[in-house]
Amino acid sequence: MRTCVGCKRRALIGELLRVVAVAGRVVVDERRRLPGRGAWLHPDPDCLAKAERRRAFPRALRAPGAADAREVREHVERTTTHHEPGMSPGSRGSKEAGRPVMSQP
């Protein structure tokens, strides 16, 4: 379990993006292997906006000065535009409203 720096809610690691500071920029660590202190964020534009408004990235990453989160913003926009509004990436479990996708025997 980790805490999102935007909304402050706890979530499973698989539901959050790990971000790290690299040369004054905040970048997404997709493989979760980059060195350094990481922060966790829901891949949601609202959580990103809250984190930027609160100046959470420099504080969570212990980075001096302002952190440029442009790459994180682009990543979140890219991943959310591929999904229907209101649906999380893993919630495509139904073909039609209320009818679950059935596997073939």
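The paragraphs below walk through this predicted model, from its overall layout to its sheet, core and charged pairs.

Let us begin with the broad outline. The protein has three helices and seven strands. Reading from the N terminus, the elements come in the order β-β-β-β-β-α-α-α-β-β. Of its 105 residues, 27% count as buried. The accessible surface amounts to about 7400 Å², and carbon and sulfur atoms make up 51% of that area. Contacts in the chain also span long stretches of sequence: among those with a separation of 6 or more, 51% are between residues 24 or more positions apart.

Now turn to the sheet. Three strands form an open sheet in the order β4-β3-β5, and their pairing is antiparallel. The edge strands are β4 and β5, each of which pairs on one side only. From one strand to the next, the twist averages 35°. To see how β3 and β4 are joined, look for the four bridges between these antiparallel strands. Val20 is a handy place to stop, as this residue stands opposite Val27 in β4. Helix α3 packs on the sheet, where this helix touches β3, β4 and β5, and its direction makes about 30° with that of β4.

What lies in the largest nonpolar core? This core holds 21 residues, and Val5, Val19, Val26, Leu41, Phe57 and Val72 are the ones that touch the most other members. Two or more residues come from each of β3 (17-22), β4 (25-28), β5 (38-41), α1 (45-53), α2 (56-61) and α3 (70-81). Val72 is a good residue to select in your viewer. Leaving aside residues up to four places away in sequence, Val72 touches Val19, Val26, Val27, Val28, Leu41 and Leu48.

Two other residues help to fill in the picture. One is His75, found in helix α3. Is His75 buried or exposed? Its relative accessibility is 10%, and because the limit for buried is under 20%, His75 counts as buried. Beyond residues up to four places away in sequence, His75 touches Leu17, Val28 and Glu30.

The other is Ala39, placed in strand β5. Ala39 is buried, with a relative accessible area of 3%. With residues up to four places away in sequence not counted, Ala39 touches Val5, Leu17, Arg18, Val19, Ala60 and Leu61. Take Arg18 from that list: Ala39 and Arg18 are 21 residues apart in sequence, yet their C-alpha atoms are 5.7 Å apart in space.

Arg18 leads us on to the charged pairs. Side chains of opposite charge can pair when their charged atoms come close. How many salt bridges does the structure hold? There are four salt bridges, and three of them are worth visiting here.

The side chain of Arg18 meets that of Asp29 in a salt bridge, at 2.4 Å from N to O. This pair links distant parts of the chain, with Asp29 in the loop between β4 and β5 and Arg18 in strand β3, 11 residues apart. Both Asp29 and Arg18 are buried.

Next comes the salt bridge between Arg25 and Glu71, whose closest N and O atoms are 2.6 Å apart. Arg25 belongs to strand β4 and Glu71 to helix α3, so this pair ties together parts that are 46 residues apart in sequence. Arg25 is partly exposed, with a relative accessible area of 33%. Glu71 is partly exposed too, with a value of 34%.

Our last pair is Glu52 and Arg73, whose side chains meet in a salt bridge at 2.6 Å, N to O. Here helix α1, home of Glu52, is linked with helix α3, home of Arg73, and the two residues are 21 residues apart. Glu52 has a relative accessible area of 29% and is partly exposed. Arg73, at 31% relative accessibility, also counts as partly exposed.

Helix α3 is a helpful thread for a second look. The helix packs on the sheet and gives two or more residues to the largest nonpolar core. The buried His75 is found in α3. Glu71 in α3 pairs with Arg25 in strand β4, while Arg73 in α3 pairs with Glu52 in helix α1.

Technical notes:
Residues numbered from 1 in each chain as written. Predicted model: local features only at pLDDT ≥ 70, side-chain atom pairs only at ≥ 80, totals over all residues. Heavy atoms only, no water. Core = buried A, V, L, I, M, F, W, Y, C linked by side-chain atoms within 4.5 Å. Buried < 20%, exposed > 50% of the residue type's maximum accessible area, 1.4 Å probe, protein only. Contact = heavy atoms within 4.5 Å. Pairing = 2+ DSSP bridges. Axes fitted to C-alpha atoms, helices over the stretch in contact; angles between N-to-C directions. Areas by Shrake-Rupley, 256 points an atom, 1.4 Å probe, with all protein chains shown as cover.
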